[in-house]
Amino acid sequence: MNFEGELMNLKDTELRLGLPGRDEEQEKRSCSVVKSNKRCRHESSEEEGSSVTEKNNAGDGSDDQDNVPPPAKAQVVGWPPIRSYRKNCVQQQNNKGCQERSDGAEYVKVSMDGAPYLRKIHLRVYNCYPQLLEALQNMFKCTFGEYSEREGYNGSEYAPTYQDKDGDWMLVGDVPWNMFISSCKRLRIMKGSDAKGLGGCL
Amino acid sequence: MECKRKKEWPESNDSNRPTTFPDEVLERVLSLLKSHKDRSSVSLVCKDWYNAERWSRSHVFIGNCYSVSPEILTRRFPNIRSVTLKGKPRFSDFNLVPPNWGADIHSWLLVFAKKYPLLQELKLKRMTVTDESFEFLSLSFPNFKVLSLLSCDGFSTDGLAAIATNCKNLTELDIQENGIDDKNGNWLSCFPESFTSLEVLNFANLHSDVNFDALERLVSRCKSFKTLKVNKSITLEQLQRLLVHAPQLVELGTGIFSQELTAQQYSELETAFNNCKNIHTLSGLWTATAQFLPVLYRACANLTFLNLSYSTLDGDDLAKLLVHCPNLRRLWVLDTVEDKGLEAVGSYCPLLEELRVFPADPYDQDVVHGVTEAGFIAVSGGCPRLHYVLYFCHQMTNAAVATVVQNCPDFTHFRLCIMNPHQPDYLTDEPMDEAFGAVVKTCTKLQRLAVSGLLTDLTFEYIGKYAKNLETLSVAFAGNSDWGMQCVLEGCPKLRKLEIRDSPFGNAALLSGLEKYESMRSLWMSDCNVTMNGARLLAKEMPRLNVEVIKEEGINNSKADKIYVYRSVAGPRRDAPPFVFTL
């Protein structure tokens with residue numbers, strides 16, 4: 001069945017926004033380019049393939065996306081396609097896990113001031129502070145300097161801090177390792193100057 | 001001569017013809033046929049066979065509840081004992097269908113109560129069921145035995161209480177992943193003390209605590225228990241007691257899998273598991289840790305299906321467990337196991353046929369972990385019999401998928417979800433067309449395909465050209481133009497279900513499938529380029545199709561945001577809510 005005739009008529013009577021006389025080809029092209037924006041490779045994170053994409057409707061369709069920082073990612077309804085039941089269940093587990101499990105063997109989020117992406121690490125993988133610090137320094141390509149109980153991390157741009165069960169921000173290294181493992185909820189690599197306020201005020 | 005002979009035979013009674021089986025014999029023979037496809041074929045042979053088939057059919061499967069009415073159904077099949085009904089379009093699982101859309105079971109139950117009073121089984125998927133319906137069901141069918149609910153909504157645990165209280169012959173109660181209002185666990189205590197027939201109980205996806213004593217008594221007095229899947233509220237200690245009562249279990253879903261146990265309790269738990277020699281399906285395992293998994297090791301010897309999709313296990317712990325599961329055929333995991341875990345799968349599970357990897361943190365956009373193309377390749381290398389895969393990942397390459405299908409050419413179900421829409425091959429930056437091209441070219445038995453990533457019309461050209469056995473296709477954020485969808489509609493002779501979202505297919509594509517849709521179960525298109533006029537044209541040309549557009553009230557533009565097209569012998573819906581426009 002050939003519907004070209006009908007379709008042509010449809011077009012004429014179609015209610016649309018946009019100037020009359022704008023042709024279909026143009027529409028199609030801009031539509032498909034918008035929808036198939038390439039990822040902004042420039043912004044991809046250091047290690048694994050990142051999940052950077054532009055919002056579906058963003059961009060002006062040009063190929064020079066590389067220098068544009070990605071806009072905030074919009075959450076698309078029903079994507080990824082996971083049943084609501086499963087989605088809630090796993091979220092609940094993740095939320096609970098950090099509080100209920102006594103062995104603290106969960107991933108904790110690590111952020112660094114100025115870096116666009118968080119990382120997650122599994123604290124139990126490390127056995128002592130030096131191992132953890134080395135891993136963090138490698139992950140974020142920064143240095144922490146010498147740790148001393150009195151002065152914290154001296155002579156470095158960044159200092160590792162963590163938030164404990166009570167919600168307080170502490171300097172990493174102030175408490176015994178095992179206590180740290182079981183009370184650490186998340187890590188934050190602060191700018192050295194900001195971290196000066198911590199730890200010393202007991 | 002033939003004419004003369006015909007005149008001599010008495011009229012109207014066909015079974016007098018010597019060449020025909022008597023009805024009773026034919027019906028008896030046909031009652032042995034279980035496959036619906038076979039039965040459909042049989043019913044087309046001739047009128048006798050049609051009649052014999054309809055009288056002998058005891059189970060009916062209805063893939064779309066609106067394709068037929070309960071009146072038509074009961075008129076054709078008078079002796080049904082078991083009904084499987086599916087309701088809403090599949091994308092309703094992902095919140096793309098507004099609530100109160102329909103697929104309410106009640107009108108069916110009213111007719112069944114009159115026409116099928118001996119109904120024994122009801123299996124529902126994506127239907128709306130209210131507590132009143134459950135009450136009605138429990139009181140209307142004295143022989144009721146099997147109730148299975150998957151992805152249904154509209155009810156609360158009160159409805160389950162009615163079932164437990166009134167269904168004296170119940171053998172199976174299977175409540176999976178539903179939108180249930182979980183008020184409390186009292187329903188479990190409603191099974192009367194005299195009730196002993198239960199064989200299958202699955203309440204894994206309910207959250208409320210149940211009365212453990214009631215559960216323990218139930219399990220110990222129902223001697224034929226073969227499937228028990230408990231929920232998170234059941235501890236390891238309690239599980240041990242249940243296993244002691246039912247070592248014959250074939251399918252087990254544990255509760256929470258970590259607890260402070262004494263050495264004695266740990267040992268008792270291990271013994272209880274060791275005594276379960278028939279377990280072939282294992283699930284549950286919430287918060288399972290390395291500390292407790294060893295109690296399972298011996299029980300896993302005959303395991304064929306392991307569902308760890310609610311367990312945040314890492315790769316090492318999974319590896320240690322899989323060493324003990326050499327007979328595994330089906331494995332569901334979370335992507336916390338990462339590629340390392342999948343390497344273990346490839347190493348220890350050579351008989352694997354099905355793998356599903358779900359994302360633990362699907363919405364955590366800042367963090368990238370999970371599985372990659374490396375894990376996928378590792379599994380395919382070690383598991384040549386793999387034919388079903390559901391794989392959620394953040395990155396993939398065309399080369400990897402090509403390798404996977406080369407290792408496993410027998411895929412029947414290939415569902416790949418690259419979680420960021422429009423994401424290209426992360427190494428070459430090219431579209432993922434060649435990946436799916438490889439899939440359809442190599443896997444000639446492919447029945448179900450879900451595509452993702454950056455895809456042009458080329459993907460759909462490949463699908464139309466090669467996927468000759470394809471029955472179900474799911475498309476999201478893909479394609480460039482109408483041409484893509486047209487290729488699929490023209491090229492896939494066995495296509496039954498097509499569901500598309502957020503793709504640039506419009507009226508021309510929709511209308512190119514005019515003659516196709518009557519041979520399909522349904523078509524879903526949402527957030528594509530179809531307009532109301534296009535939908536109306538389709539409805540006008542194809543009166544035997546139901547063409548429904550879901551539009552939010554008050555929005556009066558010309559777009560057909562969500563269109564659902566399906567064949568039906570029941571005519572247009574009479575229960576459509578205001579936001580569903582039947583064209």
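## A walk through chains A and B

B:Asp527 is partly exposed, with a relative accessible area of 35%. The model in which this residue appears is a predicted one. B:Asp527 lies in the loop between β20 and α20 (532–541) of chain B. Its backbone has a positive phi of about 50°, although the residue is not a glycine. A second residue of chain B can be described in similar terms. B:Phe477 also is not a glycine and has a positive phi of about 50°. This phenylalanine is placed in the loop between β18 and α18 of chain B. Is B:Phe477 buried or exposed? Its relative accessibility is 3%, and the limit for a buried residue is under 20%, so B:Phe477 counts as buried.

The strand β18 (472–476) and the helix α18 (482–491) that flank this loop also take part in the packing around another helix, α17 of chain B. Helix α17 covers residues 457–466. Which of its residues are buried? They are B:Asp457, B:Thr459, B:Phe460, B:Tyr462, B:Ile463 and B:Gly464. An α-helix has 3.6 residues a turn, so residues three or four places apart point the same way. The buried residues of α17 in chain B pack against β18 and α18, and also against α16 (433–442) and β17 (448–450) of that chain.

Aromatic rings come next. With a limit of 6.5 Å between ring centres, the count over all chains comes to 30 aromatic pairs. One of them joins B:Phe91 and B:Trp524, whose ring centres are 6.2 Å apart. Why is this pair called edge-to-face? The planes of the two rings stand at 85°, and angles over 60 degrees count as edge-to-face, so the pair falls in that class. The two partners are 433 residues apart and link distant parts of the chain. B:Phe91 is in the loop between β2 (82–86) and α6 (106–115) of chain B, whereas B:Trp524 belongs to strand β20 (residues 522–526). B:Phe91 is buried at a relative accessible area of 5%, and B:Trp524 is buried at 3%.

Another pair in chain B is stacked: the rings of B:Phe376 and B:Tyr391 lie 4.4 Å centre to centre, with 15° between the planes. B:Phe376 sits in helix α14 (residues 373–382) and B:Tyr391 in strand β15 (residues 388–393), 15 residues apart. B:Phe376 has a relative accessible area of 1% and is buried. B:Tyr391, at 0%, counts as buried too.

Ring pairs can also join into a cluster. One such cluster links B:Phe91 and B:Trp524 with B:Tyr66, B:Phe94, B:Trp101, B:Tyr564 and B:Tyr566. Rings also meet charged groups. In chain B, the charged end of B:Arg330 sits over the ring of B:Phe305, 3.9 Å from its centre. In chain A, the charged end of A:Arg188 sits over the ring of A:Trp169, 5.9 Å from its centre.

Chain B is divided into domain 1 (1–57), domain 2 (58–181), domain 3 (209–302) and domain 4 (517–583). Where domain 1 of chain B meets domain 2, the contact takes eight residues from domain 1 and ten residues from domain 2. About 820 Å² is buried between these two domains, and carbon and sulfur atoms give 47% of that area. Which three residues supply more than any other three of the area that domain 1 buries against domain 2? They are B:His36, B:Arg54 and B:Arg57, which supply 70% of it.

Chain A has six helices and seven strands. Along the sequence, they follow the pattern α-α-α-β-β-α-β-β-β-β-α-β-α. The chain has 202 residues, of which 39% are buried. Its exposed area is about 12100 Å², and carbon and sulfur atoms supply 49% of this. Among contacts in chain A between residues at least 6 apart in sequence, 46% join residues at least 24 apart.

Two loops of chain A complete the tour. A:Pro80 lies in the loop between α2 (24–35) and α3 (84–100). The peptide bond that leads to A:Pro80 from A:Trp79 is cis, with omega near -5°. A:Ala115 is in the loop between β1 (107–112) and β2 (119–122). A:Ala115 is partly exposed, at a relative accessible area of 29%. From A:Ala115 to A:Cys128 there are 13 residues in sequence and 25 Å in space, C-alpha to C-alpha.

Key. Residues numbered from 1 in each chain as written. Chains lettered and ligands numbered in written order. Predicted model: local features only at pLDDT ≥ 70, side-chain atom pairs only at ≥ 80, totals over all residues. Heavy atoms only, no water. Phe/Tyr/Trp six-rings, centres within 6.5 Å; stacked < 30°, edge-to-face > 60°. Helix = DSSP H or I, 4+ residues; strand = E, 2+ residues; numbered from the N terminus. Buried < 20%, exposed > 50% of the residue type's maximum accessible area, 1.4 Å probe, protein only. Lys NZ or Arg CZ within 6 Å of the ring centre and 35° of its normal. Contact = heavy atoms within 4.5 Å. Areas by Shrake-Rupley, 256 points an atom, 1.4 Å probe, with all protein chains shown as cover. Domains from an automatic or database assignment. Buried area = accessible area lost by both parts, 1.4 Å probe.
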